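Dear colleague,

I am handing over a structure that you have not worked with before, and I would be glad if you could open it alongside this message. My notes come after it.

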Amino acid sequence: MSAAHPPGLDPEQLRGLLDRERPGLVSGPLSARLIEGGRSNLTYAVTDGQARWVVRRPPLGHVLATAHDMKREFRVISALHPTDVPVPAPVLLCEDESVIGSPFYVMEFVEGVPYRTAEELAVLGAERTRGVVLDLVDTLVTLHSVDPAAVGLGDFGRPEGFLDRQLRRWGKQLDASRNRDLAGIDELHAALGRSLPASPAPTVVHGDYRLDNVLIAPTGRGGGDRITAVLDWEMSTLGDPLTDLGLLVMYSQEISLPDSPISTTSGAPGHPSAREIVERYAAGSGRDTSAIDWYTAFAWFKLAVILEGIHYRFTLGQTVGPGFDRIGDLVPVFIEHGLTTLQEG
């Protein structure tokens, strides 16, 4: 594949579809590049030399059922775009696999930077780093304040029994990717099931809410920054909002593995502590966050399962991009953190 024709996306086929469905949108031949950083769905930047768009499609090869649903992802950004939640404008959903080999969707290209590591975030300095992370918390509060029924998402999920179904779902995802022994992961799964908390009222949940799934851009006013877009809605649904908070807390803690391809940003100067993040969310949302240790342990478990699925695809030669050879080493670290969080807080 050439640089303008990366694996998984044929720009000529894409242009043909856009010319048919959105005549006049594209003004010349399309070229595309794979955007680095994604570990699951593939994301491409596409341009005709004048305008830019983004294409999202499932990964090549091994795909777990319901894990890479383009229609759901497109639906949620379409519903949230008119609200105060910053999401890219939707352009087109294509469920015809004959176009590029899988369902996919097109959305607008939004300016901004995803900060994936503490080193990247540290460049902003302590004051801007603190502001960015607190804005991340406040944006989560905004998302969880959206009335699902008011934006056409009243049937977007089944909130009743959400946590129990989540545990069963991720257990099944784990079984679908098992090809090695993982000490402690079944113990963690069982312990989470024995201590399910009572969920608050359901909201739209992102499912993978963290700093490197948002774009940040300077405001131009006093050196501040703002979130320009929340991305990667593949796991979104209606359910327990504290699952998003637990994941954010998880990513606010250190992962002790050198050269880890999965990074937290907590080491950046000015980064708020996990406790301050929880308190900020509680104050903004009015929700009881006393069971946050369970939600954080669940986040460690869920990420362990996701990473094991990615490692499984790597062993089959079905991943695109660098860093996948180290994913498998991370899974036991996530399991250990989950057990420790659940047992010790």
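The paragraphs below go through a helix pair, another helix and three single residues.

Please keep in mind throughout that this is a predicted model.

I begin with the two helices. Two packed helices are described by the angle between their axes and the distance between the axes. Here the axes of helix α7, residues 242-250, and helix α9, residues 292-315, come within 7 Å and cross at roughly 75 degrees. An angle of 65 to 115 degrees counts as roughly perpendicular, and α7 and α9 are therefore roughly perpendicular to each other. On the α7 side the contact is made by Leu242, Thr243, Leu245, Gly246, Leu247, Val249 and Met250, which meet Ile292, Tyr295, Thr296, Phe298, Ala299, Trp300 and Leu303 in α9. Sorted by character, the residues of this contact comprise eleven nonpolar, three polar and no charged.

Aspartate 208 has a link to α7, although aspartate 208 itself sits in the loop between β6 and β7. With a relative accessible area of 11%, aspartate 208 is buried, since the cut-off for buried is under 20%. Its side chain makes a polar contact with the side chain of arginine 210, at 3.0 Å. Leaving out residues up to four places away in sequence, aspartate 208 touches Asn213, Met235, Asp244 and Leu247, and Leu247 is also one of the α7 residues that meet α9.

Helix α2, residues 70-80, has as its buried residues Met70, Glu73, Phe74, Val76, Ile77, Ala79 and Leu80. The elements that cover these buried residues include the strands β3, β4, β5 and β6 together with helix α4. At the start of α2, a side-chain oxygen of aspartate 69 reaches to within 3.1 Å of the backbone nitrogen of lysine 71.

Leucine 238 belongs to strand β9, residues 237-239, and at 5% relative accessibility leucine 238 counts as buried. Apart from its neighbours within four places in sequence, leucine 238 is in contact with ten residues, namely Pro148, Leu153, Gly154, Phe156, Gly157, Arg158, Pro159, Phe162, Thr203 and Val204. For glycine 154, the separation from leucine 238 is 84 residues in sequence, while the C-alpha to C-alpha distance is 8.1 Å.

Finally, aspartate 232 is found in the loop between β8 and β9. Most residues other than glycine have a negative phi. The phi of aspartate 232, however, is near 60 degrees, a positive value in a residue other than glycine.

With kind regards

Methods
Residues numbered from 1 in each chain as written. Predicted model: local features only at pLDDT ≥ 70, side-chain atom pairs only at ≥ 80, totals over all residues. Heavy atoms only, no water. Axes fitted to C-alpha atoms, helices over the stretch in contact; angles between N-to-C directions. Helix = DSSP H or I, 4+ residues; strand = E, 2+ residues; numbered from the N terminus. Parallel < 35°, antiparallel > 145°, perpendicular 65-115°, else oblique. Contact = heavy atoms within 4.5 Å. Nonpolar A, V, L, I, M, F, W, Y, C, P; charged D, E, K, R; others polar. Buried < 20%, exposed > 50% of the residue type's maximum accessible area, 1.4 Å probe, protein only. Polar contact = N/O pair within 3.5 Å; in protein donor to acceptor, adjacent residues only side chain to side chain.
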